[in-house]
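The following exercises concern a single protein chain. Each task is followed by a solution that proceeds step by step.

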Amino acid sequence: MENMLKESPEYIKVTHINIRQSIFSLLFKLLAIDIVTAFAIIIFFSTFTFSIPYDLKIAIISSNTGFFLALIAAKILLTLLVALQWLNEYYEIFPKEVVYKSGIIWRKEQCFSCGEIQYIKVEQGLIGRFFNYGTLTLYDWKRHLFGTMYMIHSPIKYYRILESLLPNVSKERQIVRERIREEEE
């Protein structure tokens, strides 16, 4: 056992880093789906509160039941779509490039060569600071193209990683009140 510890490396080699949107953005989208569905259900059940003839009530219930089932199916499909989109949309940071991958069925890739990135900017508002998400913006000077890592988790961590890979790049921060500890590091 002691020999195994002596032979083990002191660090782990990582070839690239995957970055997804913040879990907060996923939860926000799922919550929005639930709120819209709740309003639709309120409308569905509000038809039963009126004093109308029995025959008309039966007609409304039969038509609303189809609407209610369609609403449930739409909610399930939207939830799956949002989850699949979150899983299949991510960024990869390699030592020589940053790659944005997206698409559920048809995959798209957008590459930013580290040698051509001239500018990085991190933005994090008050809510982003509280829930630890923000936006990183990259500028490719050769193609005159901006790349935005929108609502990613831990944007300051990835900003620092990009800073270390791109030592001569112009940098900008728009962060609401950083902690003193982070500034010292």
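**Exercise 1. Identify which residues line the largest cavity, and classify the lining.**

Solution. The model is a predicted one.
Step 1. The residues that line the largest cavity are Q21, S25, L26, K29, V82, Q85, W86 and E89.
Step 2. Sorted by class, this lining comprises 3 nonpolar, 3 polar and 2 charged residues.
Step 3. Helices α2 and α3 (54-88) each contribute at least two residues to the lining.
Step 4. The volume of the largest cavity is about 60 Å³. With a threshold of 30 Å³ or more, the count is 1 cavity.

**Exercise 2. Determine whether S25 is buried or exposed, and describe its surroundings.**

Solution.
Step 1. Locate the residue: S25 lies in helix α2, which spans residues 23-46.
Step 2. Apply the cut-off. Buried means under 20% relative accessible area. S25 has a value of 1%, and therefore it is buried.
Step 3. Examine the side chain, which reaches the backbone oxygen of S22 at 2.7 Å.
Step 4. List the contacts beyond the neighbours within four places in sequence: S25 touches W86 and M151. Both S25 and W86 also appear in the lining of the largest cavity.

**Exercise 3. State how many bridges join strand β6 to β7, and describe the pairing of β6 with β5.**

Solution.
Step 1. Begin with β5 (residues 117-124), of which 6 of the 8 residues are buried.
Step 2. β5 pairs with β6 (residues 133-140) in the antiparallel sense, over 6 bridges. Within this pairing, I120 has L138 as its bridge partner, and V122 stands opposite L136.
Step 3. Turn to β7 (residues 145-153), which is antiparallel to β6 and joined to it by 7 bridges. Here the bridge partner of G134 is I152.
Step 4. Inspect the connection. The hairpin of β6 and β7 has 4 residues between the strands, and H144 takes a positive phi near 50°.

**Exercise 4. Explain why β6 is described as largely enclosed, and assign its residues to two directions.**

Solution.
Step 1. Count the buried residues: 8 of the 8 residues of β6 are buried, so the strand is largely enclosed by the rest of the structure.
Step 2. Recall the general pattern: in a regular strand, side chains alternate between the two faces of the sheet.
Step 3. Make the assignment. Y133, T135, T137 and Y139 point one way from β6, while G134, L136, L138 and D140 point the other way; all are buried.

**Exercise 5. Identify which residues are in contact with L138, leaving aside its neighbours within four places in sequence.**

Solution.
Step 1. Place L138 in strand β6. Its relative accessibility is 2%, and so it counts as buried.
Step 2. Apart from the excluded neighbours, its contacts are V98, I117, Y119, I120, L145, F146, G147, M149 and L162.
Step 3. Consider one of these in detail. L138 and Y119 are 19 residues apart along the chain, and their C-alpha atoms are separated by 5.7 Å.
Step 4. Relate the list to the pairing: I120, one of the contacts, is also the bridge partner of L138.

**Exercise 6. State how many helices and strands the chain contains, and in what order the elements run.**

Solution.
Step 1. The protein chain has 6 helices and 8 strands.
Step 2. From the N terminus on, their order is α-β-α-α-β-β-β-β-α-β-β-α-β-α.
Step 3. Of the 185 residues, 31% count as buried.
Step 4. Among contacts between residues at least 6 apart in sequence, 52% join residues at least 24 apart.

Terms used
Residues numbered from 1 in each chain as written. Predicted model: local features only at pLDDT ≥ 70, side-chain atom pairs only at ≥ 80, totals over all residues. Heavy atoms only, no water. Buried < 20%, exposed > 50% of the residue type's maximum accessible area, 1.4 Å probe, protein only. Polar contact = N/O pair within 3.5 Å; in protein donor to acceptor, adjacent residues only side chain to side chain. Contact = heavy atoms within 4.5 Å. Pairing = 2+ DSSP bridges. 1 Å grid on protein atoms, 1.4 Å probe; cavity = no way out; pocket = protein on both sides within 12 Å on 5 of 7 lines; lining within 4 Å. Points joined across faces, edges and corners; volume = space filled by probe spheres on them. Nonpolar A, V, L, I, M, F, W, Y, C, P; charged D, E, K, R; others polar.
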